[in-house]
Every structure is written in structure tokens, then in C-alpha cells.
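Me: Hey, can you walk me through this protein? I'm new to reading structures.

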Amino acid sequence: MMTAKEARAATQDRLVVMAKEFIINNTGIPIHDAINNGRFHTTVSFEGVPNPVKTGEEVVRQLKEQGYEAEHVYYDGPNGYDNYILIKWGDDQ
């Protein structure tokens, strides 16, 4: 049986991999579509991603490492539901 410390490290490693896979598989087309439309931002749905709060934090961290501004917008409450990544790479003005 693994220790709690090993389980935490393994979980963190898995979050890093899931975030990297999400970026590779889901952000390229929306970014290129935004570029083709002269925009400096896009949103990418985060629906169905396991553990959206922690995974979202890691996606944002990795996108920032690549020079993007990024924010995980997640709300699940009585007034609605949102779950997406906002990605920016310049000034719209």
C-alpha cells in the first residue's frame, strides 16, 4: 500500500498529465479560429474534465508558462453553471 505522501504525489502527477492532454487536444483549434477572426482571446469548454477545480488550476498554470493569460471560470450554483477556460494572448483594443 502506498503512503499518503506517495498518493498526493501520484495525484499531482496525474493532474499535470490531464492538464497537458487537455491543452494539446482542446485548445489549438479554438485559438486558431480566434486568430482567423482577428481576436486575441478564446474560451474552451471544460465540460467533462475530471476534478475541474484542481485540473483547471493546472491548465491555467501550464498556459501561463506558455505566455498566455488564462483563467478557469467555474461556477455551479443556484444561479447557473459555467465551466470553461478563458485564454488571452494580447490586447483586444
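**Starting from one threonine**

Reply: Sure, and keep in mind that this is a predicted model. Let's start with Thr27: leaving out residues up to four places away in sequence, Thr27 touches Phe22, Val44 and Ile87.

Me: Where does Thr27 sit in the chain?

Reply: Thr27 is in the loop between H1 and H2.

Me: Is Thr27 buried or exposed?

Reply: Thr27 is buried, with a relative accessible area of 5%.

Me: And what does the side chain of Thr27 reach?

Reply: The side chain of Thr27 reaches the backbone oxygen of Ile23, at 2.6 Å.

Me: OK, zooming out. How many helices and strands does the protein have?

Reply: There are three helices and three strands. Reading from the N terminus, the order is α-α-β-α-β-β.

Me: What size of box do the C-alpha atoms fill?

Reply: Along the principal axes, the box is roughly 55 × 35 × 20 Å.

Me: How much of the protein is buried?

Reply: Buried residues make up 30% of the 93 residues.

Me: Let's do H1. Why does its length make sense?

Reply: H1 has 23 residues, and at 1.5 Å a residue they should span 33 Å. The end C-alpha atoms of H1 are 32 Å apart, which agrees.

Me: Which residues of H1 are buried?

Reply: Leu15, Met18, Ala19, Phe22 and Ile23.

Me: What do they pack against?

Reply: The buried residues of H1 pack against H2, S1, H3 and S3.

Me: What about Glu6, where is that?

Reply: Glu6 is in helix H1 too. Glu6 is partly exposed, with a relative accessible area of 42%. The side chain of Glu6 reaches the backbone nitrogen of Thr3 at 2.8 Å.

Me: How far is Glu6 from Gly77?

Reply: In space they are 34 Å apart, C-alpha to C-alpha, and in sequence they are 71 residues apart.

Me: Switching topic: how many aromatic pairs are there?

Reply: A search of the whole structure finds three aromatic pairs. One of them is Phe22 with Phe46, whose ring centres are 4.8 Å apart and whose planes are at 80°, so the pair is edge-to-face.

Me: Which parts does that pair tie together?

Reply: Phe22 lies in H1 (residues 4-26), while Phe46 lies in the loop between strand S1 (41-45) and helix H3 (52-65), so the pair ties together parts that are 24 residues apart in sequence.

Me: Are those two buried or exposed?

Reply: Phe22 counts as buried, at 6% relative accessibility. Phe46 is buried as well, with a relative accessible area of 0%.

Me: Got another pair for me?

Reply: Tyr68 and Trp89 also form an edge-to-face aromatic pair, with 6.1 Å from centre to centre and 90° between the planes. Tyr68 is in the loop between H3 and strand S2 (69-77), and Trp89 is in the segment after strand S3 (80-88), so this pair ties together parts that are 21 residues apart in sequence. Tyr68 counts as partly exposed at 22% relative accessibility, and Trp89 counts as partly exposed at 25%.

Me: Back to Phe46. What is Phe46 in contact with?

Reply: Leaving aside neighbours within four places in sequence, the contacts of Phe46 are Phe22, Pro52, Thr55, Gly56, Val59, His72, Asn83, Tyr84 and Ile85.

Me: Which residues have the most contacts inside the largest nonpolar core?

Reply: They are Phe22, Ile23, Phe46, Val59, Leu63, Ile85 and Ile87, in a core of 13 residues. H1, H3 and S3 each supply at least two residues of this core.

Me: Last one, H2. Which of its residues are buried?

Reply: In H2 (residues 28-36), Pro30, Ile31 and Ala34 are buried. Looking down the axis of H2, the buried residues fall within an arc of 100°, so they line one face of the helix.

Me: Why can residues that aren't side by side point the same way?

Reply: An α-helix has 3.6 residues a turn, so residues three or four places apart point the same way.

Me: And what's on the other side of H2?

Reply: Ile29, His32 and Asn36 are there, and they are exposed. As for the buried residues of H2, what covers them includes H1, S1 and S3.

Me: What follows H2?

Reply: Gly38 does, with a positive phi near 70°.

Notes. Residues numbered from 1 in each chain as written. Heavy atoms only, no water. Phe/Tyr/Trp six-rings, centres within 6.5 Å; stacked < 30°, edge-to-face > 60°. Helix = DSSP H or I, 4+ residues; strand = E, 2+ residues; numbered from the N terminus. Buried < 20%, exposed > 50% of the residue type's maximum accessible area, 1.4 Å probe, protein only. Core = buried A, V, L, I, M, F, W, Y, C linked by side-chain atoms within 4.5 Å. Contact = heavy atoms within 4.5 Å. Arc of directions from axis to C-beta. Polar contact = N/O pair within 3.5 Å; in protein donor to acceptor, adjacent residues only side chain to side chain. Expected span 1.5 Å × (residues − 1).
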